Amino acid sequence: MKRTLQVISAALLLTVASVTAQAQGGGGGGGRGMAMQKENMMKEITVTPAISAQIDTLMQTANTKRMALGIARGTPPTEEQSKQSAAIMSDRNAAIKKLLTADQQTQFDKNMAAMAAMGRGRGGL
């Protein structure tokens, strides 16, 4: 019963976030952007469908929390918003790593470092 409630809650979060992202003109890190982020994070890492679904839920939850910070599109975040956003992403990454084997965690860290380097090359994430 608890698992069913979690699945329903995750589906509801995904629906709300996708509608919100569409209402804001697409972005917000949801939808295709979130799928691309997951693809980059999980490059060369194979997980079961169940683990993949858990990762999706963690990513969507983090995205929803970040959206709740009230960072306006096209406006730089405040220092406090940046700190809170970084903490949300750090918590998300730690939770994802707990789902992975030691070898997968090593690859995950490499993938995250590569993503950070790409972000710096474009002027930030």
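**Questions about a five-helix model**

Colleague: Let's start with aspartate 103. Why is this residue called exposed?

Modeller: The relative accessible area of aspartate 103 is 66%. Exposed means over 50%, so with 66% aspartate 103 gets that word. Keep in mind that we're looking at a predicted model.

Colleague: Where is aspartate 103 found, and how far is it from isoleucine 45 in space?

Modeller: Aspartate 103 is in helix α5. Its C-alpha is 9.1 Å from that of isoleucine 45, although 58 residues separate the two in sequence.

Colleague: What about glutamine 107: is it buried or exposed?

Modeller: Glutamine 107 also has its place in α5, which covers residues 102-121. Its relative accessible area is 17%. The cut-off for buried is under 20%, so glutamine 107 counts as buried.

Colleague: Which residues is glutamine 107 in contact with, leaving aside its neighbours within four places in sequence?

Modeller: Those are Lys43, Glu44 and Ile45.

Colleague: Let's follow up on glutamate 44, then. What makes its phi worth a look?

Modeller: Phi is near 65 degrees there, which is a positive value, and the residue isn't a glycine. Glutamate 44 lies in the loop between α2 and α3.

Colleague: How do you know whether glutamate 44 is buried or exposed?

Modeller: Check its relative accessible area, which is 67%. Exposed starts over 50%, so glutamate 44 is exposed.

Colleague: Why is asparagine 40 called partly exposed?

Modeller: Asparagine 40, in helix α2, has a relative accessible area of 33%. Buried would need under 20% and exposed over 50%. The value falls in between, so asparagine 40 is partly exposed.

Colleague: What does asparagine 40 touch, if we skip its neighbours within four places in sequence?

Modeller: Asn111 and Met115 are in contact with it. In sequence, asparagine 40 and asparagine 111 are 71 residues apart, yet their C-alpha atoms are 6.7 Å apart in space.

Colleague: And methionine 67, what class does that get?

Modeller: Methionine 67 sits in helix α3. Its relative accessible area is 26%, again between the 20% and 50% cut-offs, so methionine 67 is partly exposed too. From methionine 67 to serine 85 it's 18 residues in sequence and 9.2 Å in space, C-alpha to C-alpha.

Colleague: On to helix pairs. What do you need in order to describe two packed helices?

Modeller: You use the angle between their axes and the distance between those axes.

Colleague: OK, why are α2 and α3 called oblique to each other?

Modeller: Helix α2 is residues 31-41 and helix α3 is residues 49-67; they pack at about 125 degrees, with axes 11 Å apart. Roughly perpendicular runs from 65 to 115 degrees, and roughly antiparallel starts over 145. An angle of about 125 degrees belongs to neither, so oblique is the word left for α2 and α3. The crossing is right-handed.

Colleague: Which residues make that contact of α2 with α3?

Modeller: From α2 it's Met34, Gln37, Lys38 and Met41, and from α3 it's Ser52, Ile55, Asp56, Met59 and Gln60. By class, that gives four nonpolar, three polar and two charged residues.

Colleague: What makes α3 and α4 roughly antiparallel rather than oblique?

Modeller: The axes of α3 and helix α4 (residues 79-98) cross at roughly 170 degrees and come within 10 Å. Anything over 145 degrees counts as roughly antiparallel, so α3 and α4 get that label.

Colleague: Which residues meet there?

Modeller: Ile55, Leu58, Met59, Ala62, Lys65 and Arg66 in α3 meet Ser85, Ile88, Met89, Arg92, Ala95 and Ile96 in α4. They divide into eight nonpolar, one polar and three charged.

Colleague: Let's zoom out. How many helices and strands are there?

Modeller: Five helices and zero strands. Of the 125 residues, 24% count as buried. Among contacts with a separation of 6 or more, 66% come from residues 24 or more positions apart.

Colleague: Last one: how confident is the predictor, and where does pLDDT stay under 50?

Modeller: The mean pLDDT is 82, and 71% of the residues reach 70 or more. pLDDT stays under 50 over residues 10-14, which have six contacts beyond four places in sequence in the model. Residues 16-28 are below 50 as well, and that stretch has 13 contacts beyond near neighbours in sequence.

Note on methods: Residues are numbered from 1 along each chain as its sequence is written. This is a predicted model: local features need pLDDT of at least 70, side-chain atom pairs count only at pLDDT 80 or more; totals for chains, interfaces and linings use all residues. Side-chain values use heavy atoms; hydrogens and water are left out. Axes are lines fitted to C-alpha atoms, for helices over the stretch in contact, and angles run from 0 to 180 degrees between N-to-C directions. Helices (H or I, at least four residues) and strands (E, at least two) are DSSP runs, numbered from the N terminus. A crossing is left-handed if the near helix is turned anticlockwise from the far one by less than a right angle, and right-handed if clockwise. Contact means heavy atoms within 4.5 Å. Ala, Val, Leu, Ile, Met, Phe, Trp, Tyr, Cys and Pro count as nonpolar, Asp, Glu, Lys and Arg as charged, and the others, Gly among them, as polar. pLDDT is the predictor's confidence in each residue, from 0 to 100. Buried means under 20% relative accessible area, exposed over 50%, partly exposed in between (1.4 Å probe, protein chains only). Angles under 35 degrees count as roughly parallel, over 145 as roughly antiparallel, 65 to 115 as roughly perpendicular and the rest as oblique.
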